[in-house]
Amino acid sequence: MPGFVRRLRGFGRRLAPSLFGVALILLALLPFGLPQFSSVMPLLSVIAVYYWGVYRPDLLPAWAAFALGLVEDALSGGPLGLMALVLALVQGVCVSQRRFLAGAGFVVGWSGFALVAGGAALFIWSVSSLYYLHLFDPRQALAQWALTVFAYPLLAWTFLLAERRMLQPG
Amino acid sequence: MMRLAMPVKAMVQRFAFLMLVALGTGLLIVGRADIALTERIRTTVADALTPVLSAFAEPLAAGRALAERAHELFRLHEENARLREENARLLKWQEMARRLEQDNARLRQLLHVTIDPLTSFVTARVVGDTGGSYVRTMLVNAGLRDGVQKGQVAMGEAGVVGRVAEVGQRSARVLLLTDLNSRVPVMLEGSRLRGILSGDNSERPRVEFLPGNSQVSPGDRVLTSGHGGVFPPGLPVGFVASITDGIVRVQPFADYYRLDMVSVVRYDLPRPVAEGEAPALPGRR
């Protein structure tokens with residue numbers, strides 16, 4: 001029985017980051033009733049994928065990031081495959097730069113995130129513009145990027161707590 | 001053995017990653033072309049997650065209502081005075097409406113006018129705002145099983161919100177008037193001039209294809225024209241907010257940011273059907 005419980009806990013542990021990701025995607029979708037807010041809603045899923053990609057890539061592999069993005073695309077009504085592609089790329093970048101980012105302090109981690117999020121926002125803006133054959137206002141992408149960068153510390157802190165509380169092995 | 005296994009594992013991982021990137025790109029391209037497939041994937045996911053969104057959207061709406069009520073408490077006095085005044089004005093309108101209604105009924109009878117078919121509606125909760133910044137849509141928690149169908153119009157308290165663009169079993173996506181892809185046939189109330197209200201992702205969609213020399217002035221009410229048979233005619237859409245360089249922009253009546261519920265209007269195009277005869281236009285909606 002303890003073996004079963006342990007296995008169940010291990011399963012929950014491995015699933016937790018993905019569930020966090022889905023919860024964040026749903027949170028970003030909720031109608032908050034604030035004017036203009038939904039158009040500059042922070043890219044919460046990018047924060048989640050970056051965090052887990054840098055600090056615990058074993059818990060959120062590339063295919064899981066891709067799946068999260070697909071869910072986000074389906075729900076948001078945007079181009080199907082866009083966020084899937086973005087999140088998979090973010091995960092790939094994080095894993096490749098992880099040796100540098102994971103060991104460094106918070107400020108370096110945050111700066112790294114600002115770069116990655118900037119790339120993501122730019123990618124989303126340019127692919128959307130191509131997809132809809134319409135030049136979207138770049139200021140919107142800029143505002144979204146800024147809000148995402150500011151939202152990072154709060155979410156990273158939440159993830160850190162969660163990781164300490166329940167995700168430490170053993 | 002280990003020395004061999006590591007590079008192989010890394011290679012497999014790299015290959016899997018490249019496959020994901022290719023899959024994403026492929027989806028984007030295929031999804032752009034094959035709208036039916038995109039829709040099926042979207043509605044499946046939306047159907048699965050709408051109950052969760054509903055569970056959160058409801059308390060959120062309640063919280064918002066509470067905050068609003070607290071705010072109103074402070075302005076109860078002014079509000080009362082304003083409402084009393086409005087009430088007096090509306091009573092006069094009511095009187096007038098009654099008279100007109102009788103007039104109308106009498107005239108219709110004289111002329112044997114066939115009235116538009118009765119419209120019914122389904123009320124649904126708004127459970128999802130659009131997530132991305134480049135689309136303007138809403139997710140509502142009613143779908144095929146509630147009688148919602150693609151192309152139907154969604155109304156807020158004050159006016160048209162948008163058109164049902166995708167529909168699943170228990171969820172539907174409403175394309176707002178402001179979205180880049182929204183096109184709604186409208187007319188100006190006073191002059192009966194017809195045009196197409198087309199969104200461009202800004203707050204105020206523009207009216208296109210108005211006759212060249214049309215007289216439009218700010219404040220003119222804009223209604224659905226019913227052309228194309230998708231929307232019932234005469235639904236309030238908004239008012240002309242500005243005219244600059246010949247571009248007429250409309251402020252929608254619907255307040256997208258305070259929308260908890262929408263009514264999806266079921267409307268069947270009037271069809272010429274002779275007695276005892278099969279519908280003349282089978283399969284047309």
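Chain B has 3 helices and 12 strands, and I should say at once that what we are looking at is a predicted model, so please hear every value that follows as computed from that model. Of the 285 residues of chain B, 32% count as buried, and if we take the contacts in chain B between residues at least 6 apart in sequence, 55% of them join residues at least 24 apart. The chain is divided into domain 1, residues 75-111, and domain 2, residues 120-266, and the C-alpha centres of these two domains of chain B lie 26 Å apart.

Let me go to the strands of chain B, starting with β5, residues 172-176. How many residues of β5(B) are buried? The count is 5 of the 5, so the strand is largely enclosed by the rest of the structure. As a reminder, in a regular strand the side chains alternate between the two faces of the sheet. In β5(B), B:Ala172, B:Val174 and B:Leu176 point one way while B:Arg173 and B:Leu175 point the other way, and all are buried, so B:Arg173 is included among the buried residues here.

Which strands pair with β5(B)? One of them is β2 of chain B, residues 137-140, which is joined to β5(B) by 4 bridges and runs antiparallel to it, and within that pairing B:Thr137 has B:Leu175 as its bridge partner. Another is β4 of chain B, residues 160-167, joined to β5(B) by 5 bridges, again in an antiparallel arrangement. There B:Val167 stands opposite B:Ala172, and β4(B) and β5(B) form a hairpin with 4 residues between them.

Further along chain B we come to a closed barrel of 6 strands, running β6-β7-β8-β11-β10-β9 with antiparallel pairing. Neighbouring strands of this sheet are turned by 45° against each other on average, with direction ignored. To take one pairing from the barrel, β10, residues 236-244, and β11, residues 247-252, both of chain B, run antiparallel and are joined by 6 bridges, and in that pair B:Gly238 stands opposite B:Pro252 of β11(B).

Two loops of chain B deserve a moment. B:Gly219 sits in the loop between β8 (206-208) and β9 (221-224) of chain B. Is B:Gly219 buried or exposed? B:Gly219 is exposed, because it has 10 other C-beta atoms within 10 Å, where 12 or fewer is the cut-off for that class. Even so, B:Gly219 has partners beyond its neighbours within four places in sequence, being in contact with B:Phe239 and B:Val240. From B:Gly219 to B:Phe239 the separation is 20 residues in sequence and 5.4 Å in space, C-alpha to C-alpha.

The second loop, between β6 (183-188) and β7 (194-198) of chain B, holds B:Arg192. Most residues other than glycine have a negative phi, and most peptide bonds are trans. The phi of B:Arg192, however, is near 60°, a positive value in a residue other than glycine. B:Arg192 counts as exposed because it has 9 C-beta neighbours inside 10 Å.

Chain A offers a counterpart in A:Leu133, which lies in the loop between α6 and α7 of chain A and has a phi near 50°, again a positive value in a residue other than glycine. A:Leu133 is likewise exposed, because 7 other C-beta atoms lie within 10 Å.

That brings me to where the two chains meet. In the model, 38 residues of chain A are in contact with 38 residues of chain B. On the chain A side, the elements that give two or more residues are α1 (2-29), α3 (62-76), α4 (82-96), α6 (106-132) and α7 (138-167), and the largest share, 8 residues, comes from α3(A). By residue type, this side of chain A divides into 25 nonpolar, 12 polar and 1 charged.

Of these helices I will look at α4(A), which has 15 residues and reaches 21 Å from its first C-alpha to its last, close to the 21 Å expected at 1.5 Å a residue. How many residues of α4(A) are buried? The helix is mostly covered, with 12 of its 15 residues buried, including A:Leu82, A:Met83, A:Val86, A:Gln91 and A:Cys94.

How values were computed
Residues are numbered from 1 along each chain as its sequence is written. Chains are lettered from A and ligands numbered from 1 in the order in which they are written. This is a predicted model: local features need pLDDT of at least 70, side-chain atom pairs count only at pLDDT 80 or more; totals for chains, interfaces and linings use all residues. Domain bounds come from an automatic or database domain assignment. Two residues are in contact if their C-beta atoms, placed from the backbone, lie within 7 Å. Ala, Val, Leu, Ile, Met, Phe, Trp, Tyr, Cys and Pro count as nonpolar, Asp, Glu, Lys and Arg as charged, and the others, Gly among them, as polar. The expected span of a helix is 1.5 Å times one less than its number of residues. A residue is buried if 20 or more other C-beta atoms lie within 10 Å of its own, exposed if 12 or fewer, and partly exposed in between; C-beta atoms are placed from the backbone. Two strands pair if DSSP finds at least two bridges between them. Axes are lines fitted to C-alpha atoms, for helices over the stretch in contact, and angles run from 0 to 180 degrees between N-to-C directions.
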